[in-house]
Amino acid sequence: MRLLSERSSRVTDAVKLQRRAGRNATGRFLAEGPNLIEAAARHGLIETVFATETAEHRYRPMLGDLEVWMVSERAMAALSETVTPAGLVAVCRLPDATLDAVLAADPALIAVAADLSDPGNAGTLIRLAEAMGAAAVVLAGDSVDPYNAKCVRSSAGSIFSIPVVTEDDPVTVINRLRRAGLHVLATTLNGDLSLDDAEEMLARRTAWVFGSEARGLSEDLAMLSDRRVRIPMSGGVDSLNVAVAAAICLYQSARAQRRG
């Protein structure tokens with residue numbers, strides 16, 4: 001294997017994938033570290049791997065037949081977006097996920113986030129959705145790029161296992177979900193239905209819609225839903241982090257659907 005420097009065109013092109021514009025232009029993104037690379041490899045999404053000599057030796061069995069380019073520590077520092085690089089960065093193809101394909105499979109549970117700006121929350125939502133058996137995650141409106149490095153890391157590999165769809169217009173998304181026969185539930189602080197009283201409804205095919213971290217779900221989007229649901233809370237707490245709220249709601253749906 002040939003050693004590449006930080007000036008190599010391969011390294012330079014890969015570094016451009018740290019920006020959304022670079023990812024959109026090429027249909028490629030970066031996955032860093034052995035766990036994410038192993039998950040990407042299982043789904044056949046890896047084009048090439050950059051590795052330091054130490055990392056290549058340590059993870060050689062996992063790398064198998066993947067194309068591996070050896071890079072210097074300095075080049076790895078340019079490729080890495082973590083404080084303590086593991087010495088492995090892969091260039092991956094973006095998964096081919098569309099809302100049409102998701103709806104064609106008659107999904108029972110979908111998580112939708114509108115204007116979700118924090119990549120950590122987005123990655124956690126993707127992880128939660130896979131864990132709760134959701135068919136897909138839809139990031140709508142002015143939401144973070146799911147292939148942002150922090151989002152990919154926060155998903156802990158789930159971004160390779162569950163379809164993640166991006167759509168510009170959340171209104172169109174909600175209308176399409178309803179036409180596909182999904183019961184659309186909006187999470188709001190002033191919802192007319194308590195989650196405690198929604199179990200029978202949750203047994204149906206459901207799409208949960210969550211809002212942004214700062215403003216929650218807009219009134220216009222909430223009005224498009226079939227029901228506005230509130231999570232009952234005690235004490236002086238009047239709101240929850242969007243990922244926490246999603247965990248509660250998706251779990252309740254998964255539980256109700258398991259019971260039938």
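Which residue just after H3 takes a positive phi? That would be Gly-44, with a phi of about 65°. Keep in mind throughout that this is a predicted model.

## Helix H3 and its neighbours

H3 runs over residues 34-42, and its buried residues are Pro-34, Leu-36, Ile-37, Ala-39 and Ala-40. They pack against quite a list of elements: S2, strand S3 (46-51), helix H5 (60-63), strand S5 (88-93) and H9.

## The cavity

There's one cavity of 30 Å³ or more in the structure, and the space in it comes to about 80 Å³. Leu-36, one of the buried residues of H3, is also part of the cavity lining. The rest of the lining is made up of Leu-30, Ala-31, Glu-32, Leu-79, Glu-81, Val-89, Ala-149, Val-152 and Arg-153.

Two elements, strand S2 (28-32) and helix H9 (149-154), supply at least two lining residues each. Both also turn up among the elements that the buried residues of H3 pack against. By class, the cavity lining splits into seven nonpolar and three charged residues, with no polar ones.

## The sheet

Seven strands make an open sheet with parallel pairing, and the order is S8-S7-S6-S11-S9-S12-S10. The edges belong to strand S8 (164-167) and strand S10 (193-194); each has a single partner strand, so one side of each has no neighbour in the sheet.

Further in, strand S9 (residues 183-187) and strand S11 (residues 206-210) run parallel and are joined by four bridges. If you want to find the pairing on screen, look for Ala-186, whose bridge partner in S11 is Val-209.

## Nonpolar cores

In soluble globular proteins, nonpolar side chains tend to end up buried together. Here the largest nonpolar core has 53 residues, and the ones with the most contacts inside it are Leu-125, Phe-160, Trp-208, Phe-210 and Leu-250. Helix H13 (residues 242-259) is the top contributor to this core, giving six residues. There's also a second, separate core of 21 residues, with Ala-136, Val-138, Ile-174 and Leu-217 among them.

What does Trp-208 touch, leaving aside residues up to four places away in sequence? Its contacts include Leu-109, Ile-110, Ala-111 and Val-112, then Leu-185, Thr-187, Leu-195 and Leu-202. Val-229, Cys-249, Leu-250 and Ser-253 are on the list too.

## The two largest pockets

The largest pocket holds about 460 Å³ of space. Its lining has 26 residues, and Thr-187, Thr-188, Leu-189, Gly-216 and Leu-240 lie nearest the centre. Thr-187 is a residue we've already met, as one of the contacts of Trp-208. Helix H12 (219-224), strand S12 (227-230) and H13 each put at least two residues into this lining, and the largest share, three residues, is from S12. In terms of chemistry, the lining has 12 nonpolar, nine polar and five charged residues.

The second largest pocket has about 290 Å³ of space and a lining of 18 residues. Nearest its centre are Asn-24, Asp-145, Pro-146, Tyr-147 and Thr-166. Helix H2 (20-26) and S8 each supply at least two of the lining residues, with S8 giving the largest share at four. That ties this pocket to an edge of the sheet, where S8 stands. Its lining divides into nine nonpolar, four polar and five charged residues.

Terms used: Residues are numbered from 1 along each chain as its sequence is written. This is a predicted model: local features need pLDDT of at least 70, side-chain atom pairs count only at pLDDT 80 or more; totals for chains, interfaces and linings use all residues. Side-chain values use heavy atoms; hydrogens and water are left out. On a 1 Å grid over the protein atoms alone, a cavity is a set of points where a 1.4 Å probe fits but cannot get out, and a pocket is an open set with protein on both sides within 12 Å along at least five of seven lines; lining residues have an atom within 4 Å of a point. Grid points are joined across faces, edges and corners, and a volume is the space filled by probe spheres set on the points. Ala, Val, Leu, Ile, Met, Phe, Trp, Tyr, Cys and Pro count as nonpolar, Asp, Glu, Lys and Arg as charged, and the others, Gly among them, as polar. A nonpolar core is a set of buried Ala, Val, Leu, Ile, Met, Phe, Trp, Tyr and Cys residues joined through side-chain atoms within 4.5 Å. Buried means under 20% relative accessible area, exposed over 50%, partly exposed in between (1.4 Å probe, protein chains only). Contact means heavy atoms within 4.5 Å. Two strands pair if DSSP finds at least two bridges between them.
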